[in-house]
Amino acid sequence: VALIKTGEWAQSALRKVISSHVANFDAMGDLYLRERGADVRGLGNRVLARLQSSDTGIVEYPENTILVSSELTPADLALVPTDKLVGFVSVKGSGKSHVAILAEAMGVPTVMAVGDLPIELLDHKPMIVDGFQGTVITYPKAEEVTYYEKIIKEEAALVEGLEGTSDKLCVTKDGHRVRLWVNTGLMTDVARSLERGAEGVGLYRTEVHFMMNDRFPTEEEQKKIYREHLLAFAPRPVTMRTLDIGGDKALSYFPIEEANPFLGWRGIRVTLDHPEIFLAQIRAMIRANEGIDADLRIMLPMVSSVAEIDEAQRLISQAYREIIEDGVQVEMPDVGVMVEVPAAVYQARDIAKRVDFLSVGSNDLIQYMLAVDRNNAQVAELYQEFHPAVLQALNQVAEAAHSEKKGVGICGEMAGNPSAAVILMAMGYDVLSMNSTRLLLVKHVLSNFDMSHAHEILEEVLTMDNAYLIKNYVDEQMNRAGLGQFIRVRKHS
């Protein structure tokens, strides 16, 4: 409106404002926030279409509609009636985008970043969207159609069978109990997590609220947000990770410019250098639990030395004393450490002596152990959950925690992989924390597995030296256990 008042015509004013917003998002270091630029661009295009009196009549969508776009936006997901929608395809974007997350929540097969797809030639043409393999088949042959129709029927039966397990505990066929928790960041995650039987929160990403602000949230603002989460999950445990910024997670109002941000100033390193930020957040977490007495757990990210733990513990104790002196009646929370870097693996036992629990952040640990940027498509094939070094490290951490009689969990994509979950269970991980969409799948697999068989698999894979052979071996054992149909569910675009 301000630009129009200076003499700009409406379309030009809109374009300039939208371009400015998109440029701000594109400049952000965090991949998730950069993807929000596409959302703003999509909104601008829709408003522009109205301004230019484009055809806005009601579109009649046929049965089995696949929505194809150069760049899907959240608004596009609502264009097609759900009873007619069967798939999404986007030439641009990524599997980490907001659109991809929403599509997964909708349960709609989606393939992102297809590349040179001639979308202008595909209107009303036959197509198959394989969200498992991340492929698009145009003009499919009769045998391909028959094959995928069979898969659709199998998946429908599979989903129907999983829904009945949400209110059951995860116990193997021979009686071993495994706790399945969820990773969250927003209140919108809560309802879906509880519906699927989440027993707790293994990773609450507090940085999400910092990233959505244009300034540091105050202690009171943080307290309110954390209290909502604690109330929603009480009496279940909630593990709140202290502010984890840096790397690919940047705050627009707290810029960190580095040549190599993943090996730079991030996680606990930032907050220990700024104890005022750390203390305010710890106080907010502990005060949020007043009168709830939920099982609050505080977790420290990106720890690479015991000195960092000692300093963090000192500050946490200071914050707790201040709260008690203020007359607040609340329990001291358990404090744990995320094992994300090789240094923490080798010092796992020393770390376990200083804290109440350990939790492996598998995404970063794999990235740092294998020197592979997991967001880089050029080296994506080298990012291997079943790499022998990764498995040896994970086993070492579990043994270290148990030797000190401390609980140990894992919160990362690996925990939501049914094949990997079997191995992690055998290693002795007490808690597997994952995206809520994976929870029922993992629960079903582990509940239909024998712990004794899992131990046999672990013993064998720890002697193997090739990631591909390990993956094939584990998949073969899943097939023998009658659970082979769950292997492909792990794949997505």
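This is a short talk through some strands, side chains and ring pairs in one protein structure.

Hi everyone, and thanks for coming. Before we start, please keep in mind that this is a predicted model.

Let's begin with the strands. Three of them, in the order β1-β2-β3, make up an open sheet with parallel pairing. Which strands sit at the edges? They are β1, covering residues 65–69, and β3, covering 110–111, and each of these pairs on one side only. If you look at β2, residues 85–90, you will see that β2 runs parallel to β3, with two bridges joining them. One place to look is Val89, whose bridge partner in β3 is Val111.

Moving along the chain, we come to a hairpin. Strand β4, residues 127–130, pairs with strand β5, residues 135–138, in the antiparallel sense, and four bridges hold that pairing. Val129 is a good residue to click on here, as Val136 in β5 stands opposite Val129. Four residues lie between the two strands of this hairpin, and Gly134 has a positive phi near 70 degrees. Is β4 covered or open on its faces? Both faces are covered. Met127 and Val129 are on one side, Ile128 and Asp130 are on the other, and all of them are buried.

Now please find strand β11, residues 357–360. Phe357 and Ser359 point one way from this strand, Leu358 and Val360 point the other way, and all are buried. What pairs with β11? Strand β10, residues 334–339, does so in the parallel sense over four bridges, and β12 also pairs with β11 in the parallel sense over four bridges. For a residue on each of these pairings, Gly336 stands opposite Phe357 in β11, while Ser359 has Gly409 as its bridge partner in β12. Phe357 has one more feature to show you: Arg297 lies over the face of its ring, 3.7 Å from the ring centre.

While we are at β12, let's step off its end. The loop between β12, residues 407–411, and α16, residues 418–427, contains Asn417. Asn417 is buried, at a relative accessible area of 5%. Where does its side chain go? The side chain of Asn417 reaches the backbone nitrogen of Ser419, at 3.1 Å.

Another side chain to visit is His453, in helix α18, residues 451–461. The relative accessible area of His453 is 18%, and since buried means under 20%, His453 counts as buried. Its side chain makes a polar contact of 2.9 Å with the side chain of Gln477. Leaving aside residues up to four places away in sequence, His453 touches Gln477 and Ala481.

On to the rings. How many aromatic pairs are there? The count comes to six. One of them is the pair of Tyr147 and Tyr148, which is edge-to-face, with 5.1 Å from centre to centre and 85 degrees between the planes. Tyr147 is partly exposed at 49% relative accessible area, whereas Tyr148 is buried at 15%.

Another pair is Phe216 with Phe254. Their ring centres are 5.5 Å apart and the planes meet at 70 degrees, so this pair is edge-to-face. Phe216 is in the loop between α7 and α8, and Phe254 is in the loop between β8 and α9, so the pair ties together parts that are 38 residues apart in sequence. Phe216 is partly exposed, with 27% relative accessibility, and Phe254 is buried, with 15%. Both rings belong to one aromatic cluster, along with Phe210, Tyr253 and Trp265.

Let me finish with the cysteines. How many disulfides does the structure have? A search of the whole structure finds zero. Why does Cys170 form none? The closest cysteine sulfur to that of Cys170 is in Cys411, and at 17 Å it is too far for a bond. A disulfide would need the two sulfur atoms within 2.5 Å. The same pairing holds from the other end, as the closest cysteine sulfur to that of Cys411 is in Cys170, at 17 Å. As for their surroundings, Cys170 is buried at 0% relative accessible area, and Cys411 is buried at 5%.

That's my tour, and I'm happy to take questions.

Note on methods
Residues numbered from 1 in each chain as written. Predicted model: local features only at pLDDT ≥ 70, side-chain atom pairs only at ≥ 80, totals over all residues. Heavy atoms only, no water. Buried < 20%, exposed > 50% of the residue type's maximum accessible area, 1.4 Å probe, protein only. Pairing = 2+ DSSP bridges. Polar contact = N/O pair within 3.5 Å; in protein donor to acceptor, adjacent residues only side chain to side chain. Contact = heavy atoms within 4.5 Å. Phe/Tyr/Trp six-rings, centres within 6.5 Å; stacked < 30°, edge-to-face > 60°. Lys NZ or Arg CZ within 6 Å of the ring centre and 35° of its normal.
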